[in-house]
Amino acid sequence: MYEDFFAERITSLRNQKNVSAREMSLALGQNGSYINRIENKLALPSMQAFFYICEYFQISPQQFFDEDNPAPIKIDQILAGLKNLDSSQLDIVMAVVKGLQHKAK
């Protein structure tokens with residue numbers, strides 16, 4: 001169960017970041033097949049390595065495990081941008097979001 005979740009989540013986040021498994025492995029200071037082994041359910045990261053993985057993606061462990069948030073990196077970027085908008089601009093963004101949610105149904 002956890003192997004499946006880790007494999008799918010890391011693959012998804014890595015693809016969103018547009019990096020290869022090898023590139024990510026090396027960036028984490030591991031051998032070139034490290035992330036590939038996790039994604040193929042042959043290994044799980046240690047707790048310390050898990051924190052490095054979260055740091056690599058610039059997300060918290062909570063965001064990593066939030067299955068309802070498929071794109072935590074993008075959501076954080078959007079939230080950071082929203083903080084600079086005034087009330088009327090936020091109303092426009094909210095209308096766009098509601099429109100997109102309505103189309104998705």
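**Exercise 1.** Find what the side chain of Glu39 makes a polar contact with, and place Glu39 in the model.

*Solution.* The side chain of Glu39 makes a polar contact with the side chain of Thr11, at 3.3 Å. A polar contact is a pair of N or O atoms within 3.5 Å; within protein, one must be able to donate a hydrogen and the other to accept it, and residues adjacent in sequence count only if both atoms are side-chain atoms. The model is predicted: local features need pLDDT of at least 70, side-chain atom pairs count only at pLDDT 80 or more, and totals for chains, interfaces and linings use all residues. Residues are numbered from 1 along each chain as its sequence is written, and side-chain values use heavy atoms, with hydrogens and water left out.

Next, the place. Glu39 sits in helix 3 (residues 34-39). Helices are DSSP runs (H or I, at least four residues), numbered from the N terminus.

Then the burial. Glu39 has a relative accessible area of 14%, so it is buried (under 20%; exposed is over 50%, partly exposed in between, with a 1.4 Å probe and protein chains only).

Last, the neighbours. Leaving aside those within four places in sequence, Glu39 is in contact (heavy atoms within 4.5 Å) with Ala7, Ile10, Thr11, Arg14 and Ala21.

**Exercise 2.** Is Ser25 buried or exposed, and what lies 3.5 Å from a polar atom of its side chain?

*Solution.* Start with the place: helix 2 (residues 21-27) holds Ser25. Its relative accessible area is 0%, so Ser25 is buried. A polar atom of the Ser25 side chain lies 3.5 Å from the backbone nitrogen of Tyr34. Beyond four places in sequence, Ser25 is in contact with Gln30, Asn31, Gly32, Ser33, Tyr34 and Ile35.

**Exercise 3.** Describe how helix 1 and helix 4 cross.

*Solution.* Two packed helices are described by the angle between their axes and the distance between the axes. Helix 1 (residues 2-17) and helix 4 (residues 47-57) have axes that come within 11 Å and cross at roughly 30°. Therefore helix 1 is roughly parallel to helix 4 (an angle under 35 degrees). Now the residues. Phe6, Ile10, Leu13, Arg14 and Lys17 in helix 1 meet Phe50, Ile53, Tyr56 and Phe57 in helix 4.

**Exercise 4.** Is Glu67 buried or exposed?

*Solution.* Glu67 lies in the loop between helix 5 (61-65) and helix 6 (72-82). With a relative accessible area of 64%, Glu67 is exposed. The C-alpha atoms of Glu67 and Asn40 are separated by 20 Å; the two residues are 27 residues apart along the chain.

Technical notes:
Helices (H or I, at least four residues) and strands (E, at least two) are DSSP runs, numbered from the N terminus. Axes are lines fitted to C-alpha atoms, for helices over the stretch in contact, and angles run from 0 to 180 degrees between N-to-C directions. Angles under 35 degrees count as roughly parallel, over 145 as roughly antiparallel, 65 to 115 as roughly perpendicular and the rest as oblique.
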